[in-house]
Number of protein chains: 2
Amino acid sequence: MIVILLFLYVKLVYMQQSVFQIQVQETLYIKDPTTSKVGKLILEQGLLLLEDIGLEEFTFKKLANKIASTESTIYRYFENKHQFLAYLFNFYWAWMDVNIAFAVTNIESSHEKLRRIIRVLTQKVNNDMRTPYIDEEVLQEVIAIESSKTYLSKKVDQENNAGYFVQYKKLVDRIANIILEINPSYSYPNALVSTILESSFHQRYFGMHLPRLTNEMHIQERLEDFLIDICLKTLK
Amino acid sequence: MIVILLFLYVKLVYMQQSVFQIQVQETLYIKDPTTSKVGKLILEQGLLLLEDIGLEEFTFKKLANKIASTESTIYRYFENKHQFLAYLFNFYWAWMDVNIAFAVTNIESSHEKLRRIIRVLTQKVNNDMRTPYIDEEVLQEVIAIESSKTYLSKKVDQENNAGYFVQYKKLVDRIANIILEINPSYSYPNALVSTILESSFHQRYFGMHLPRLTNEMHIQERLEDFLIDICLKTLK
DNA sequence: TTTTTTTGATAGTAATACTATTATTTTTGT
DNA sequence: ACAAAAATAATAGTATTACTATCAAAAAAA
């Protein structure tokens, strides 16, 4: 408990509005977009544009038009669209980390913790009012589709050094520790966790677009059951 | 047995050189690249270029330079680089399908079949001399990194209709049937298979680039053990 | 209210993702 | 071996992308 609270204290910053706010690293932007109106507009409308047309078609020019601004302004916040995506990616996982931390607070059983974590991972999220410029439901959609593209690139090592994946790695570690509580002799805790996380995104996507690759995984309860079943049986 | 041989007969085309050759669908090219010298050069050098610089940096112009030809020539074979990738993607899975078919031939036990399949999936492949213009080892590397990009796009449904994913879907079905032999009441055979397939790529990649997300999965035996363990325990 | 910072407007460049045209080379059918 | 057909190379051109640079205007901070 104390460990978790300390953890939260370190990773969250207390703001004027007397709510917690999720922070991402300085390597993920040139100028912090949360500190200005245009910055927040970039986040808000950029996310919606990404949802709309996907990463490949997404350009700063189109976003600039959408927010009635200019390319040069957006380039003052983000180096390029990949950094923008990495920003959202880290925001998402930092936020999920908090959700998961709350979901397992006061739970004794490690099995139950894992079940709750998987529920949080497979559930459709609720919009978080503390960040009005980020629609978390849309964010989840976008990250599910685009996140693998952040690391499946020739620039992985460089981007990894720049901290593009810290939040994700932290979360994997945290869940892996719970895996080890359940079965301390299991050899592949991190691998199991990252497999589950990736699968939660891709299976849902397959359910919607490539149904032959899956078994109705667009239905949340099925996806949840599928993943919990794999985890608990694997750890027995 | 007979079913498998018939299957092979249908999906493979007997060629002059008295060897089997893997064929991909007509929707995956404008002009069949295997029917000409430049076509084969495009495949061969295109694959190497992809390995070298990745899909994002890959352009037909660069490939044209590499093979001392022109953009317009390449465009006569493939609509764009995504179709080119889809061609390789289907070639890969068609070829793995054959490898897997041979690996399980004459094997009685379904458990053993599954073990052998996972071995084939996680092993570094050997170059297949029947297709001198495709270096299968490089192909595996490239597909591992780029394949998700074929389906994680706004054009999935359209590309799915065009048959961009048939080979992959076929293979998933085939392995899913073996899963059902092991446990006929398991509810998520296809999902388990596609999870394993994706994981076999990504875990190895994590092992090499993002080690904190996995547990030394760049070592083939570990990856194999990890995946077999998950499958067999899940199906118990 | 001056200074500093941020934004908008405009311009420009090299590269990408193509399409089109025509001359030349290669393949093929007889 | 030769004409006809097909394929390729060379060249040009367009709209868009992915930036960078400059400078004036607007907004925020001192």
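Modeller: Buried means under 20% relative accessible area, exposed over 50%, and partly exposed in between (1.4 Å probe, protein chains only). The model is predicted, so local features need pLDDT of at least 70 and side-chain atom pairs pLDDT 80 or more, whereas totals for chains, interfaces and linings use all residues, and side-chain values use heavy atoms without hydrogens or water. Residues are numbered from 1 along each chain as its sequence is written, chains are lettered from A and ligands numbered from 1 in the order written.

Biologist: Is B:Ala68 buried or exposed?

Modeller: B:Ala68 sits in the loop between helix 3 (60-66) and helix 4 of chain B. Helices here are DSSP runs (H or I, at least four residues), numbered from the N terminus. B:Ala68 is not a glycine, yet its phi is positive, about 50 degrees. Its relative accessible area is 73%, so B:Ala68 is exposed.

Biologist: In which loop is B:Glu216 found?

Modeller: B:Glu216 also has a positive phi, near 50 degrees, without being a glycine. With a relative accessible area of 45%, B:Glu216 is partly exposed. Its place is the loop between helix 10 and helix 11 of chain B.

Biologist: Turn to the DNA. How many residues surround DNA strand D?

Modeller: A residue is near a strand if one of its heavy atoms lies within 4 Å of it. The closest to DNA strand D are B:Val38, B:Ser69, B:Thr73, B:Arg76 and B:Tyr77. Sugar and phosphate make up 61% of the strand D atoms that come within 4 Å of the protein. The number of surrounding residues is 17.

Biologist: Which side chain has a polar atom 3.5 Å from a base nitrogen of DNA strand D?

Modeller: A polar contact is a pair of N or O atoms within 3.5 Å; within protein, one must be able to donate a hydrogen and the other to accept it, and residues adjacent in sequence count only if both atoms are side-chain atoms. B:Thr73 has a polar side-chain atom 3.0 Å from a phosphate oxygen of strand D, and for B:Tyr77 the distance to a phosphate oxygen is 2.9 Å. The base nitrogen pairs with B:Arg76.

Biologist: Which helix gives the most to the surface near DNA strand D?

Modeller: Helix 4 (71-75) of chain A and helix 4 (71-75) of chain B each supply at least two residues. By class, this surface has three nonpolar, eight polar and six charged residues. Ala, Val, Leu, Ile, Met, Phe, Trp, Tyr, Cys and Pro count as nonpolar, Asp, Glu, Lys and Arg as charged, and the others, Gly among them, as polar. The top contributor, with three residues, is helix 4 of chain A.

Biologist: Now DNA strand C. Which helix gives the most to the surface near it?

Modeller: 17 residues surround strand C, the closest being A:Val38, A:Ser69, A:Arg76, A:Tyr77 and B:Glu71. Helix 4 of chain A and helix 4 of chain B each supply at least two residues. The most, three residues, comes from helix 4 of chain B.

Biologist: How far is a base nitrogen of DNA strand C from an N or O atom in the side chain of B:Glu71?

Modeller: Other side chains reach the backbone of strand C. A:Tyr77 is 2.8 Å from a phosphate oxygen, and B:Tyr75 is 3.1 Å from a sugar or linking oxygen. For B:Glu71 and the base nitrogen, the distance is 3.2 Å.

Biologist: How far apart are the end C-alpha atoms of helix 11 of chain A?

Modeller: Helix 11 covers residues 220-234, 15 residues. The expected span is 1.5 Å times one less than the number of residues. That gives 21 Å, which agrees with the end-to-end distance of 21 Å.

Biologist: What covers the buried residues of helix 11 of chain A?

Modeller: The buried residues include A:Leu223, A:Phe226, A:Ile230 and A:Cys231. What covers them includes helix 6 (110-122) and helix 10 (189-209) of chain A, plus, from chain B, helix 10 (189-209) and helix 11 (220-235).

Biologist: Which residue of chain A comes closest to the rotation axis?

Modeller: Copies are superposed by least squares on the C-alpha atoms of residues with pLDDT of at least 70 in both. A rotation of 180 degrees with 0.0 Å of shift along its axis puts chain A on chain B (RMSD 0.0 Å). The copies are thus related as by a two-fold rotation axis. Closest to it, at 2.9 Å (C-alpha), is A:Lys233.

Biologist: What is the relative accessibility of B:His202?

Modeller: B:His202 lies in helix 10 of chain B. Not counting residues up to four places away in sequence, B:His202 touches A:Leu152, A:Glu198, A:His202, B:Ala144 and B:Ser148, where contact means heavy atoms within 4.5 Å. B:His202 counts as buried because its relative accessibility is 2%.
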